[in-house]
Amino acid sequence: MKRGASELIATVLIIGFVIVLSIVLFAWQTGFFEEIKGNLDRRRLSEEMCLAVDIEIVSACDDGSQVNFTLKNNGPISISKGFHVILFDASSRSEVPSFPYPILEAYYTERFFVSRDNPITNIEIIPKIEVEEQVVSCLNNRESRFVEVC
């Protein structure tokens with residue numbers, strides 16, 4: 001008689017453990033998949049917004065101490081978080097440390113100045129926008145131009 005009771009208790013405990021474990025796994029998976037879905041939605045929105053970004057380097061020249069460049073925003077999206085500025089000289093490239101660039105509003109043209117150490121041959125601009133309170137660099141929308149002497 002005792003032997004049958006302990007087998008019944010063991011079976012009930014195993015079934016209870018399996019039920020609790022499946023509830024825990026279900027709750028974990030639900031949150032996990034919602035987070036992945038949210039990240040995918042944010043990435044898709046970022047890509048869609050970056051498709052609307054259209055910048056153009058109208059002119060770029062080196063005056064001996066700084067590079068002057070004029071950017072034109074041909075798209076409907078404001079470049080609200082500035083941009084990466086990459087300068088190329090004869091043998092290397094360097095990214096300009098971030099400083100607060102003004103917003104380049106949609107369909108506006110602005111002139112910018114960047115200090116430099118060596119004579120610059122090319123400049124590359126990568127726009128940054130804000131998507132759902134996150135800064136997104138639109139890498140596929142980079143624009144480059146030969147730098148002339150002013």
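Hi everyone, let's start with one residue: Ile 36 is partly exposed, with a relative accessible area of 33%. Before I go on, please keep in mind that this is a predicted model. Ile 36 sits in helix H1, and it has company at the surface. Together with Ile 14, Phe 17, Val 18, Leu 21, Leu 25, Trp 28, Phe 32, Phe 33 and Leu 40, Ile 36 makes a nonpolar surface patch of about 1,000 Å².

In soluble globular proteins, nonpolar side chains tend to be buried together. So let's turn to the inside and look for that here. The largest nonpolar core has 25 residues. Which of them have the most contacts inside the core? The answer is Phe 69, Val 85, Ile 123, Ile 125 and Ile 129. As for where the core comes from, five strands each supply at least two residues: E1, E2 (66-73), E3, E5 and E6 (122-131). The largest share belongs to E6, with four residues.

Next, the aromatic rings. How many aromatic pairs does a search of the whole structure find? It finds two. Let me show you Phe 83 and Phe 112: their ring centres are 5.1 Å apart and their planes stand at 80°, so this pair is edge-to-face. The two rings come from distant parts of the chain, 29 residues apart, with Phe 83 in strand E3 (residues 83-88) and Phe 112 in strand E5 (residues 109-115). Phe 83 and Phe 112 are both buried. Ring pairs also bring in Phe 69, giving a cluster of Phe 69, Phe 83 and Phe 112. You'll remember Phe 69 from a moment ago, as one of the residues with the most contacts inside the largest nonpolar core.

Now to the covalent links. The count comes to two disulfides. In one of them, Cys 50 and Cys 138 have their sulfur atoms 2.0 Å apart. Cys 50 lies in helix H1 (residues 2-51), while Cys 138 is in the loop between strand E7 (134-137) and strand E8 (143-146), so this disulfide ties together parts that are 88 residues apart in sequence. Notice that helix H1 is back in the story: Ile 36 of our surface patch is in that helix too. Are Cys 50 and Cys 138 buried or exposed? Both are buried. The torsion about their S-S bond is -75°, a left-handed link.

The other disulfide joins Cys 61 and Cys 150, with sulfur atoms 1.9 Å apart. This one also links distant parts of the chain, 89 residues apart: Cys 61 is in strand E1 (residues 55-62), and Cys 150 is in the segment after strand E9 (148-149). Here the torsion about the S-S bond is about 85°, so the disulfide is right-handed. Cys 61 is buried, at a relative accessible area of 14%. If you number the bonded cysteines in sequence order, the pairing reads 1-3, 2-4.

Last topic: charges. Side chains of opposite charge can pair when their charged atoms come close. In this model the count comes to five salt bridges, and I'll walk you through some of them.

Back on helix H1, Arg 44 forms a salt bridge with Asp 41, the closest N and O atoms being 3.3 Å apart. Why are Arg 44 and Asp 41 separated by about one helical turn? Because they are three residues apart in helix H1. Arg 44 is partly exposed at 46% relative accessible area, and Asp 41 is partly exposed at 30%. Salt bridges link these two with Glu 48 in a network.

Strand E6, which we met in the core, takes part as well. Glu 130 and Lys 81 meet in a salt bridge at 3.6 Å, N to O. Glu 130 is in strand E6 and Lys 81 is in the loop between E2 and E3, 49 residues apart. Both ends are partly exposed, with relative accessible areas of 35% for Glu 130 and 36% for Lys 81.

Finally, Glu 124 and Arg 142 pair at 3.1 Å, N to O. Glu 124 lies in strand E6 and Arg 142 in the loop between E7 and E8, so this salt bridge ties together parts that are 18 residues apart in sequence. Is Glu 124 buried or exposed? With a relative accessible area of 12%, Glu 124 is buried, whereas Arg 142 is partly exposed at 38%.

That's my tour, thanks for listening!

Key: Residues are numbered from 1 along each chain as its sequence is written. This is a predicted model: local features need pLDDT of at least 70, side-chain atom pairs count only at pLDDT 80 or more; totals for chains, interfaces and linings use all residues. Side-chain values use heavy atoms; hydrogens and water are left out. Rings of Phe, Tyr and Trp (its six-membered ring) pair if their centres lie within 6.5 Å; planes under 30 degrees apart count as stacked, over 60 as edge-to-face and the rest as tilted. Buried means under 20% relative accessible area, exposed over 50%, partly exposed in between (1.4 Å probe, protein chains only). A disulfide is a pair of cysteine sulfur atoms within 2.5 Å. Patches are made of residues with over 30% relative accessible area and no salt bridge: like charges are joined within 9 Å, nonpolar side chains (Val, Leu, Ile, Met, Phe, Trp, Tyr) within 5 Å. Accessible areas come from the Shrake-Rupley method with a 1.4 Å probe; for residues, only the protein chains shown count as cover. A salt bridge is a side-chain nitrogen of Lys or Arg within 4 Å of a carboxyl oxygen of Asp or Glu. A nonpolar core is a set of buried Ala, Val, Leu, Ile, Met, Phe, Trp, Tyr and Cys residues joined through side-chain atoms within 4.5 Å.
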